[in-house]
Amino acid sequence: MIGNLNHVGVATPSIEDSVKLYRDVLGATKIGEKFSMPEQGVWVCFVDLPNAQIELIEPYGDDSPIHGFLKHNPAGGQHHICFEVDDIIEARDEMKAKGARILGTGEPRIGAHGVPIIFVHPKDMGGVLIELMQKPEAGH
Ligand code: CO
């Protein structure tokens with residue numbers, strides 16, 4: 001059911017510092033501008049790779065869900081992986097039917113790519129926080 005790997009989410013205490021790693025050490029050349037998603041409590045910055053992206057996420061505000069992760073992983077670390085699906089509602093219902101819990105309200109919300117996303121509970125996914133995103137239209 002899952003399609004392409006869209007991105008790997010990496011939590012960081014400083015997007016600026018992480019950008020230096022991906023640009024200066026690893027040699028990534030296509031790095032977007034940092035932008036905020038206040039309602040999700042995150043700053044986001046995408047590093048484009050030929051076949052996928054790295055999504056750098058930094059806490060935004062005191063209620064950011066990333067604070068807890070950074071408390072356990074002060075240097076940052078791999079936070080989630082995101083796969084594309086054709087239909088987010090179908091995927092959500094299939095996950096639930098198979099016993100996997102959806103985080104939050106269970107309703108898709110609009111993610112950093114402007115398409116609906118859900119998160120599947122890591123305890124039902126072998127310890128990995130899985131994001132499913134509706135496949136962006138071509139050109140996105
Ligand atoms: Co993500």
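# Why the labels fit

Me: Why is R92 called buried?
Reply: R92 has 8% relative accessibility, and the cut-off for buried is under 20%, so R92 counts as buried. Keep in mind that this is a predicted model.

Me: What makes R92 and D93 a salt bridge?
Reply: Their closest N and O atoms are 2.7 Å apart. The limit is 4 Å between a side-chain nitrogen of Lys or Arg and a carboxyl oxygen of Asp or Glu, so the R92 and D93 pair qualifies. D93 is partly exposed: its relative accessible area is 40%, which sits between the 20% and 50% marks.

Me: Which residues of α3 are buried, and how do you know that they share a side?
Reply: The buried ones are I88, A91, R92 and M95. Around the axis they span an arc of only 100 degrees, so they sit on the same side of α3. On the other side of α3 you'll find E90 and A97, both exposed.

Me: What makes R101 and D124 a salt bridge?
Reply: The N to O distance is 2.9 Å, and anything within 4 Å passes, so the two side chains do meet in a salt bridge.

Me: Why say that the pair ties parts together?
Reply: R101 is in the loop between α3 (88-97) and β7 (109-110), while D124 is in the loop between β8 (116-120) and β9 (130-134), so the bridge links parts 23 residues apart in sequence.

Me: Are R101 and D124 buried, exposed or in between?
Reply: R101 comes in at 43% and D124 at 26%. Partly exposed is what lies between under 20% and over 50%, so the label fits R101 and also D124.

Me: How many salt bridges does the structure hold, and which residues are joined into one network?
Reply: There are 9 salt bridges. E16, K34 and E58 are joined into one network by bridges that share partners.

Me: What makes D24 and R23 a salt bridge, and why is D24 called exposed?
Reply: The closest N and O atoms of D24 and R23 are 2.8 Å apart, so the pair passes the 4 Å test. D24 has 52% relative accessibility, and exposed starts over 50%, so D24 earns the label. R23, with a relative accessible area of 40%, is partly exposed.

Me: How do you know that the buried residues of α1 share a side?
Reply: The buried residues are I15, S18, V19 and Y22. Their arc around the axis is only 105 degrees, which puts them on the same side of α1. The face turned away from that buried side carries the exposed residues D24 and V25.

Me: Which residues make the nonpolar surface patch?
Reply: L21, V25 and L26 make it, with an area of about 330 Å². L21 belongs to helix α1 (residues 15-25). With a relative accessible area of 48%, L21 is partly exposed; patch members need over 30%, so L21 clears that bar.

Me: Which residues are the protein donors of the cobalt ion?
Reply: H7 (NE2), E55 (OE), H80 (NE2) and E131 (OE), at 2.0 to 2.2 Å from the ion. Donors have to be within 2.8 Å, so these atoms count. In sequence, the spacing reads H-x47-E-x24-H-x50-E.

Me: Why is the arrangement of these donors called irregular?
Reply: The 4 donor atoms subtend angles of 84 to 169 degrees. Tetrahedral needs all angles between 85 and 135 degrees, so that label is out, and the arrangement is irregular.

Me: What do H7 and E55 tie together, and why are they called buried?
Reply: H7 is in strand β1 (residues 5-11) and E55 in strand β5 (residues 53-59), so the pair connects parts 48 residues apart in sequence. H7 has 0% relative accessibility and E55 has 6%; buried means under 20%, so H7 qualifies, and E55 does too.

Me: Why is P50 called exposed?
Reply: Its relative accessible area is 90%, against a cut-off of over 50%, so P50 is exposed. P50 lies in the loop between β4 (42-48) and β5.

Me: What makes S36 partly exposed?
Reply: S36, in strand β3 (residues 35-37), has a relative accessible area of 29%. That is between the 20% and 50% marks, so S36 is partly exposed.

Notes:
Residues are numbered from 1 along each chain as its sequence is written. This is a predicted model: local features need pLDDT of at least 70, side-chain atom pairs count only at pLDDT 80 or more; totals for chains, interfaces and linings use all residues. Side-chain values use heavy atoms; hydrogens and water are left out. Buried means under 20% relative accessible area, exposed over 50%, partly exposed in between (1.4 Å probe, protein chains only). Helices (H or I, at least four residues) and strands (E, at least two) are DSSP runs, numbered from the N terminus. Donors are N, O and S atoms within 2.8 Å of the metal (3.2 Å for Na, K and Ca); water is not among the atoms, so sites may look incomplete. Four donors count as tetrahedral if all angles lie between 85 and 135 degrees; four count as square planar and six as octahedral if opposite donors are over 155 degrees apart and all others between 65 and 115; anything else is irregular. Patches are made of residues with over 30% relative accessible area and no salt bridge: like charges are joined within 9 Å, nonpolar side chains (Val, Leu, Ile, Met, Phe, Trp, Tyr) within 5 Å. Accessible areas come from the Shrake-Rupley method with a 1.4 Å probe; for residues, only the protein chains shown count as cover. The arc is that of the directions from the helix axis to the C-beta atoms.
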